[in-house]
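Reader: I have a model to go through, and I want short answers on rings and charges. Shall we begin?

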Amino acid sequence: MGDRVHIKMCWSRALLTGWVLLLVQLQYLQAVPIGIDKTKVKETEKKPDEPPASVDTGLHYDRYLREVIDFLEKDQHFREKLHNTDMEDIKQGKLAQELDFVSHHVRTKLDELKRQEVNRLRTLIKAKHDLEGGNDIAVDHQALLKQFEHLNHMNPHTFEVEDLDRLIKSATNDLENFDKERHEEFKRYEMMKEHDRREHLKTLDEEQRKKEEEHYEEMKKKHADHPKVNHPGSQNQLKEVWEEADGLDPEDFDPKTFFNLHDTNGDGFFDEQELEALFTKELEKIYDPTNEEDDMVEMEEERLRMREHVMNEVDSNKDRLVSLDEFLVATKKKEFLEPDSWETLEQNQAYTDEEMREFEEHLAQQEQDLNQRTVDLQKQREELERQQEQLNAQKVELQQAVEHMERLKSEKVELPPEVHVEGNADPEVHAADNQLHPDQEAHPPGHQEIPQHHQDTPQEHLEQHNQDLPQQGQPQAHHDGLPNQQNVAQGQHNLA
């Protein structure tokens, strides 16, 4: 976890740093640190100028920011203007006006980047809204609009001067507040750790609780028992780095040489990462990752506190960089030569008792809301299960109805078909006439004539036909077994 926190520490390299590095790295690219014999330095082949590596700022629009910077660097006109623009003009938006003069290819690519960023933010906002409960939760429109502060969302299609100006100002403002937000995050971390400890004690009996409390106090004492920590940025602290890290004689300490030795990228500035690297020796006096009593999250917070302290004392123009001149001026101050003692985190609790009380009340309310949400979800689940049961029952009923209809249809096909006879003829005759008369079996297929000598009345004809049915069994399946329309018409004529 300490590694992850250390990565987060690197986020504080601000947009200001990014823009400045674009300028100063080009100017100081060939600088050689003082104290190195040029005659012993092997000349490397000169390579074409390449843009400096993009730095992760930790902003939620970091990728968009880096891609915009990378493409603007490819335009020769913009790069030249960047050389001649100071940081204050960049902050005030003067550099953004130069966007009108960049090449068409770059502008087209910036348009594409903006459309992608707008789509990304819309997807992110929708996903967040759905995750928080969809339409049941009131939407915080102000918070949603804040996601678009780094671009003009009213024009989602093209990248204009206003977009570059917004991007610079938003990143500058966000990064200036970044350390403050990190401190708040660390405070919440410490309060949660204390809350979990208290909750754990509630699960123990009296004897176990007493042992746990004694162990806790013992760990606190072990953590506080460490060598004296030098004041960050003081002569004593830098001399210790000079001696132990650089392997040089402390009597030969020279601020200018020290600066060039630890300006690792040779750009003529100490950035925030380079400053934080100077405090490693001091932090190792307090924290050891193998010790139970040492928290590596707290170590990174201590590193942040040291860096902020040095920046406040040395960075006179507040550009989040320490130039060589600023550094040399600071080494002549009384605070550098005779510093006060440095109070570490264990001497400065990150939160007050009132803040802890409010934090636990907030956690209790969150737990209550979560329990209520769980109850609501359980009710919704039960209702969905009830509806599913109803649907299953309806499905079974429908299936049964379909099977019943299929059965009726099958039975209807097996019944003798009816012949509808117009007029006043007896309906019973219709079914009977559909069967072949025994006398008709002797006629060849297609024979239409009915013997003229047949003198039976309709009633006698029906009775005779009914007597013949048992003897004949099932109706024959010959294709000419049923009378055609002419037979039926003739039979109707005879019956009449």
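Reader: Are Phe258 and Phe327 buried or exposed?
Author: This is a predicted model, so side-chain atom pairs count only at pLDDT 80 or more. Buried means under 20% relative accessible area. Phe258 falls in that class, and so does Phe327. The word for both is buried.

Reader: What kind of aromatic pair do Phe258 and Phe327 form?
Author: A pair of aromatic rings is described by the distance of the centres and the angle of the planes. The structure holds seven aromatic pairs. For Phe258 and Phe327, the centres are 6.3 Å apart and the planes differ by 10 degrees. Planes under 30 degrees apart count as stacked, and this pair is stacked.

Reader: How many residues apart in sequence are the parts that Phe258 and Phe327 tie together?
Author: Phe258 sits in helix α12, residues 255–262. Phe327 sits in helix α16, residues 324–330. The pair therefore ties together parts whose separation in sequence is 69 residues.

Reader: Are the planes of Phe259 and Phe270 stacked or tilted?
Author: Their ring centres are 4.3 Å apart. The angle between the planes is 35 degrees. Stacked needs under 30 degrees and edge-to-face over 60. The Phe259 and Phe270 pair is therefore tilted.

Reader: Which strand does the pair of Phe259 and Phe270 reach?
Author: Phe259 lies in helix α12. Its partner Phe270 is eleven residues away, and the pair links distant parts of the chain. Phe270 belongs to residues 269–270, which form strand β1.

Reader: What is the relative accessible area of Phe270?
Author: Its partner Phe259 counts as buried at 1% relative accessibility. Phe270 is buried as well. The value for Phe270 is 0%.

Reader: Which residues form the aromatic cluster?
Author: Phe258 and Phe327 form a stacked pair, and Phe259 and Phe270 form a tilted one. These four belong to one aromatic cluster that also includes Trp242 and Phe253. The full set is Trp242, Phe253, Phe258, Phe259, Phe270 and Phe327.

Reader: On to charges. How many residues apart are Arg198 and Glu360?
Author: The two form a salt bridge, with the closest N and O atoms 3.5 Å apart. Arg198 is in helix α9, residues 178–202, while Glu360 is in helix α18, residues 353–414. Both are partly exposed, Arg198 at 33% and Glu360 at 24%. Along the chain, their separation is 162 residues.

Reader: Is Glu206 buried or exposed?
Author: Glu206 forms a salt bridge with Arg209, with closest N and O atoms 3.1 Å apart. Both lie in helix α10, about one turn of the helix apart. Arg209 counts as partly exposed at 26%. At 60%, Glu206 is exposed.

Reader: What is the N to O distance between Arg357 and Glu354?
Author: Both residues lie in helix α18, three residues apart. Arg357 is partly exposed at 37%, and Glu354 at 40%. Their side chains meet in a salt bridge, N to O, at 2.3 Å.

Reader: Which residues are linked in a network of salt bridges?
Author: A search of the whole structure finds 35 salt bridges. One network holds two arginines, Arg307 and Arg320, along with Asp179, Glu272 and Glu276. In full, the linked residues are Asp179, Glu272, Glu276, Arg307 and Arg320.

Reader: Which residues form the negative surface patch?
Author: Patch residues need over 30% relative accessible area and no salt bridge. Glu243, in helix α11, is partly exposed at 42%. The patch is formed by Glu243, Glu244, Asp249, Glu251 and Asp252.

Terms used:
Residues are numbered from 1 along each chain as its sequence is written. This is a predicted model: local features need pLDDT of at least 70, side-chain atom pairs count only at pLDDT 80 or more; totals for chains, interfaces and linings use all residues. Side-chain values use heavy atoms; hydrogens and water are left out. Patches are made of residues with over 30% relative accessible area and no salt bridge: like charges are joined within 9 Å, nonpolar side chains (Val, Leu, Ile, Met, Phe, Trp, Tyr) within 5 Å. Accessible areas come from the Shrake-Rupley method with a 1.4 Å probe; for residues, only the protein chains shown count as cover. A salt bridge is a side-chain nitrogen of Lys or Arg within 4 Å of a carboxyl oxygen of Asp or Glu. Lys and Arg count as positive and Asp and Glu as negative; His and the chain ends are not counted. The place of a charge is taken as NZ of Lys, CZ of Arg, CG of Asp or CD of Glu. Helices (H or I, at least four residues) and strands (E, at least two) are DSSP runs, numbered from the N terminus. Buried means under 20% relative accessible area, exposed over 50%, partly exposed in between (1.4 Å probe, protein chains only). Rings of Phe, Tyr and Trp (its six-membered ring) pair if their centres lie within 6.5 Å; planes under 30 degrees apart count as stacked, over 60 as edge-to-face and the rest as tilted.
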